[in-house]
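Visitor: I've got a fold open on my screen and I'd like to learn how to read it. Could you walk me through it, feature by feature?

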Amino acid sequence: MSDNNSSSGVKEDVFNMEHDQDLSSKHYSRCSSAGSTHTPNSSAHNSDDDDDSGDARHSTAANSTLSYKERRREAHTQAEQKRRDAIKKGYDSLQELVPRCQPNDSSGYKLSKALILQKSIEYIGYLNQQKLKQEDEGSALQKEVTALRIIKNGYENMLQHQQANPGPEEARLTDEAKFQVFQAIMEEMFETFKHIPMDNFKQLTTGIIPWLEEHCKPHILRNILSRTMQQMAQEALEKQQLQAMEQETGDGFS
């Protein structure tokens, strides 16, 4: 009985040992399989890291390219805006400088760029014509100044010659005769001068220049002087004749 119990106890111990060995082997196999399966997962994880690094580099390059394109686009936009601002400023300056481009009313109507250019071209042509006209007038005035200087020099030479050679005493004009000549010239010229409008100073200044150009020409003054001298000579002759008659009458009474 005791042998049977001991035998049963030995069998139970052997079964427990075998059972423990089976559990240990299963646990080891699981660990091995777990370790073997862990290696591919690790390598897959490493490959994912490599892919992430490549994507990051590709994203950085793409961002850099996009940023360069954006900078170029922005620079081009700014340059185009500056060009448009400069053109607008030029048109505004033309509209301010050219009188024909300035609006005549307060409606605020703005001229088109084409019309501003056309009116500016017309105004430049007008200024060019005025410039040519002024050059012609300046040339004519210069010629007139030259002629007047020649006349002035001629009169100065005549005066110097007369002062150097005064001539006979009886041939000289008295101061009274000179005043009569001057008075005759002034009286005849005043007949035309009094027709100049003189309501205000502006009318006088605008009317006196045409009057001088019309009535103070050398040949007109020469004709006045010639008529005055003839009249004075006639009066002097009549005076001499009257004196002679009076002298004859006085001699007859004596």
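**Reading the helices and what they touch**

Guide: Happy to. Let's start with one residue: setting aside residues up to four places away in sequence, Ser 120 touches Leu 94, Val 98 and Cys 101. Keep in mind that this is a predicted model.

Visitor: Where does Ser 120 sit, and is Ser 120 buried or exposed?

Guide: Ser 120 is in helix H2. The cut-off for buried is under 20% relative accessible area, so Ser 120, at 5%, counts as buried.

Visitor: What does the side chain of Ser 120 do there?

Guide: A polar atom of the Ser 120 side chain lies 2.7 Å from the backbone oxygen of Ile 116.

Visitor: And Lys 119, which category does that residue fall into?

Guide: Partly exposed is the class between 20% and 50%, and Lys 119 belongs there because its relative accessible area is 23%. Lys 119 is also in helix H2, which covers residues 113-164. Not counting residues up to four places away in sequence, Lys 119 touches Val 98, Arg 100, Cys 101 and Leu 111. You can also check a C-alpha separation: Lys 119 and Gln 95 are 24 residues apart along the chain, with 9.2 Å between their C-alpha atoms.

Visitor: Let me zoom out. How many helices and strands are there?

Guide: The chain has five helices and zero strands, so the pattern along the sequence is written α-α-α-α-α. Of the 254 residues, 7% are buried. For contacts between residues at least 6 apart in sequence, 42% join residues at least 24 apart.

Visitor: Which residues form the largest nonpolar core?

Guide: That core has eight residues: Ala 177, Val 181, Ile 185, Met 189, Ile 196, Trp 211, Ile 224 and Met 232. Helix H3 (175-193) and helix H5 (218-253) are the elements that give two or more residues to this core. H3 supplies the largest share, four residues. Apart from this core lies another, of five residues, among them Tyr 91, Val 98, Leu 111 and Ile 116.

Visitor: Take one core member, Met 189. What does Met 189 touch?

Guide: Not counting residues up to four places away in sequence, Met 189 touches Trp 211, His 215, Cys 216, Leu 221 and Ile 224.

Visitor: Now H3 itself. How do I check a helix length?

Guide: Compare the expected span with the distance between the end C-alpha atoms. At 1.5 Å a residue, the 19 residues of H3 should span 27 Å, and the end C-alpha atoms are 26 Å apart, which agrees.

Visitor: Which H3 residues are buried, and where do they sit around the axis?

Guide: Ala 177, Val 181, Ile 185 and Met 189 are buried in H3. These residues cover an arc of only 100° around the axis, so they lie on the same side of H3. Asp 175, Glu 176 and Phe 179 are exposed on the other side of H3.

Visitor: What about a residue in H5, say Thr 228?

Guide: Thr 228 is in helix H5 and counts as buried because its relative accessibility is 6%. Leaving aside neighbours within four places in sequence, Thr 228 is in contact with Gln 180, Val 181 and Ala 184.

Visitor: How do I describe an aromatic pair?

Guide: A pair of aromatic rings is described by the distance of the centres and the angle of the planes. This structure holds two aromatic pairs. In one of them, Phe 193 and Trp 211 are edge-to-face, 4.9 Å centre to centre with 75° between the planes. The pair links distant parts of the chain, with Phe 193 in helix H3 and Trp 211 in helix H4, 18 residues apart. Trp 211 is buried, as its relative accessible area is 10%.

Visitor: Does H4 get the length check too, and which residue caps H4?

Guide: Yes on the length: the 15 residues of H4 (residues 201-215) should span 21 Å at 1.5 Å a residue, and the end C-alpha atoms are 20 Å apart, which agrees. Asn 200 caps the N-terminal end of H4, with a side-chain oxygen 3.2 Å from the backbone nitrogen of Lys 202.

Visitor: Last one: where is His 195?

Guide: His 195 lies in the loop between H3 and H4. At 61% relative accessibility, His 195 counts as exposed. The His 195 side chain reaches the backbone oxygen of Glu 191 at 3.2 Å.

How values were computed
Residues are numbered from 1 along each chain as its sequence is written. This is a predicted model: local features need pLDDT of at least 70, side-chain atom pairs count only at pLDDT 80 or more; totals for chains, interfaces and linings use all residues. Side-chain values use heavy atoms; hydrogens and water are left out. Buried means under 20% relative accessible area, exposed over 50%, partly exposed in between (1.4 Å probe, protein chains only). Contact means heavy atoms within 4.5 Å. A nonpolar core is a set of buried Ala, Val, Leu, Ile, Met, Phe, Trp, Tyr and Cys residues joined through side-chain atoms within 4.5 Å. A polar contact is a pair of N or O atoms within 3.5 Å; within protein, one must be able to donate a hydrogen and the other to accept it, and residues adjacent in sequence count only if both atoms are side-chain atoms. The expected span of a helix is 1.5 Å times one less than its number of residues. The arc is that of the directions from the helix axis to the C-beta atoms. Rings of Phe, Tyr and Trp (its six-membered ring) pair if their centres lie within 6.5 Å; planes under 30 degrees apart count as stacked, over 60 as edge-to-face and the rest as tilted.
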